[in-house]
Amino acid sequence: MIIFNLSNYNPGPFILVGIPGLEHCHVWIGIPFCIIYVVALVGNCTLLYLITVERSLHEPMFFFLSMLAMTDLILSTAGVPKTLSIFWLGAREITFPGCLTQMFFHHCSFVLDSAILMAMAFDRYVAICSPLRYTTILTPRTITKIAVGISSRSFCIILPVIFLLTRLPFCGTRIIPHTYCEHIGVARLACADISINIWYGFCVPIMTVISDVILIAVSYTLILCAVFRLPSRDARQKALGTCGSHVCVILMFYIPAFFSILAHRFGHNVPRTFHIMFANLYIVIPPALNPIVYGVKTTQIRHKVILLFSTKGSE
């Protein structure tokens, strides 16, 4: 039986620097971050409220959209409050368990976001390519299985990351040049071989996300083939319109995510200040823009939002 040495596996607090080189601007940088975070909270909570109370929105697409909204809330909340405390209060310390917790929710929500986008692509594929079988394929039982499956997958992929870090001894510096804890960034502070961390942390989650991207691409290729076979122009425009918001969200999620990941691993010529700033924008901007995009592009949600706020304004 392995006896764990708590002095190694529960080291002292880590120091989160913030954005290196821009320490003198932290107070001002925190203002737009806070505004964007509030927009993300209000937008996603409004989306969840509408989907919950409006029976007309109790459809598979909106169920997956509510999952996306909850995951976006977790993604932004896992990092932004601590970032603002660093910027405004100078509270740079974070305990090792707190660092692991933040890291787990951040990475898990990223992988889950990707899986939800894949599920939404499958939903659009069924709706457009097999509309007559839509309700028989995406039954409540099937949707529940998909939700449980993608949530369990994300949990099982990220949980080993935590154990890979707890086995490492931290006997040197504990200064993290970032605003939140990130797996490889923390692992590099260990005074031990981290090759397993690098292999698992890069290959497993990234290959999982790439497989999601491939399945999404296949779904939309089949969707486009089906759309262009439709007889009327109006039918084609309507079909493409139902996918427009989803495509925008996919691009907003994957493009900055892959840039941040690849720059962190291979972009040695990318200035650290730019990379960390971009990584922080990634965890606040997509969660803030997603409900706005769906509110503008999705007619049902747009009408419900207008009705909700017009009713409150007339009271």
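**Helices, buried polar residues and a nonpolar surface patch**

Helix H3 is where Ala78 is found. The structure under discussion is a predicted model. With a relative accessible area of 14%, Ala78 falls under the 20% limit and therefore counts as buried. Setting aside residues within four places in sequence, Ala78 has contacts with Gln102, Phe105 and His106. A second pairing gives a sense of distance: Ala78 and Glu59 stand 19 residues apart in sequence, and their C-alpha atoms are 29 Å apart in space.

Met61 also has its place in helix H3. Its relative accessible area is 14%, so Met61 is classed as buried. Beyond its neighbours up to four places away in sequence, Met61 touches Asp123, Arg124, Tyr134 and Thr298. From Met61 to His183 the chain runs over 122 residues, and the two C-alpha atoms are 33 Å apart.

Two of the residues touched by Met61, namely Asp123 and Arg124, lead to the salt bridges. The side chains of Asp123 and Arg124 meet in a salt bridge, with an N to O distance of 2.7 Å. Both partners are buried, Asp123 as well as Arg124. Side chains of opposite charge can pair when their charged atoms come close. Across the whole structure, the search finds 2 salt bridges.

Another salt bridge joins the side chains of Arg153 and Asp212, at 2.8 Å from N to O. This pair links distant parts of the chain, since Arg153 belongs to helix H6 (residues 140–166) and Asp212 to helix H8 (residues 195–227), with their positions 59 residues apart in sequence. The two partners differ in exposure: Arg153 is partly exposed, at 23% relative accessibility, whereas Asp212 is buried, at 0%.

Arg153 is also a point of reference for a residue in helix H3. Asp72 lies in that helix, which spans residues 60–89. What is the nearest side chain of opposite charge to Asp72, and how far away is it? It is Arg153, at 14 Å. A salt bridge requires a nitrogen of Lys or Arg within 4 Å of a carboxyl oxygen of Asp or Glu, so Asp72, although buried, has no salt bridge.

What, then, does the side chain of Asp72 make a polar contact with? The partner is the side chain of Asn290, at 2.8 Å. The wider surroundings of Asp72, leaving out residues up to four places away in sequence, consist of contacts with Asn44, Asp113, Pro286, Pro287 and Asn290.

Asn44, one of the residues in contact with Asp72, lies in helix H2. Is Asn44 buried or exposed? Its relative accessibility is 1%, and Asn44 therefore counts as buried. The side chain of Asn44 reaches the backbone oxygen of Pro287 at a distance of 2.8 Å. Outside the window of four places in sequence, Asn44 touches Ala69, Asp72, Leu73, Pro287 and Pro291. Pro287 thus appears among the contacts of Asn44 and among those of Asp72.

Pro287 is also in contact with Tyr282, a residue of helix H10. Tyr282 is buried, at 6% relative accessibility. Beyond its neighbours up to four places away, Tyr282 touches Phe110, Phe253, Pro256 and Ala257 as well as Pro287. Glu182 is 100 residues from Tyr282 along the chain, and the C-alpha atoms of the two are separated by 14 Å.

The account now turns to the surface. A nonpolar patch there is formed by Val27, Trp28, Ile31, Ile35, Val39, Trp88, Leu89, Ile285, Leu289, Ile292 and Val296, which together have about 1,000 Å² of accessible area. Which helices each supply at least two residues of the nonpolar patch? They are helix H2 (26–53), helix H3 and helix H10 (272–297). H2 gives the most, with 5 residues.

Ile292 serves as an example of a patch member. This residue has its place in helix H10, and its relative accessible area of 42% makes it partly exposed. Patch residues must have over 30% relative accessible area, so Ile292 passes that limit. Helix H10 accordingly holds both the partly exposed Ile292 and the buried Tyr282. Helix H2 likewise supplies residues to the patch and contains the buried Asn44.

Note on methods:
Residues are numbered from 1 along each chain as its sequence is written. This is a predicted model: local features need pLDDT of at least 70, side-chain atom pairs count only at pLDDT 80 or more; totals for chains, interfaces and linings use all residues. Side-chain values use heavy atoms; hydrogens and water are left out. Helices (H or I, at least four residues) and strands (E, at least two) are DSSP runs, numbered from the N terminus. Buried means under 20% relative accessible area, exposed over 50%, partly exposed in between (1.4 Å probe, protein chains only). Lys and Arg count as positive and Asp and Glu as negative; His and the chain ends are not counted. A polar contact is a pair of N or O atoms within 3.5 Å; within protein, one must be able to donate a hydrogen and the other to accept it, and residues adjacent in sequence count only if both atoms are side-chain atoms. Contact means heavy atoms within 4.5 Å. Patches are made of residues with over 30% relative accessible area and no salt bridge: like charges are joined within 9 Å, nonpolar side chains (Val, Leu, Ile, Met, Phe, Trp, Tyr) within 5 Å. Accessible areas come from the Shrake-Rupley method with a 1.4 Å probe; for residues, only the protein chains shown count as cover.
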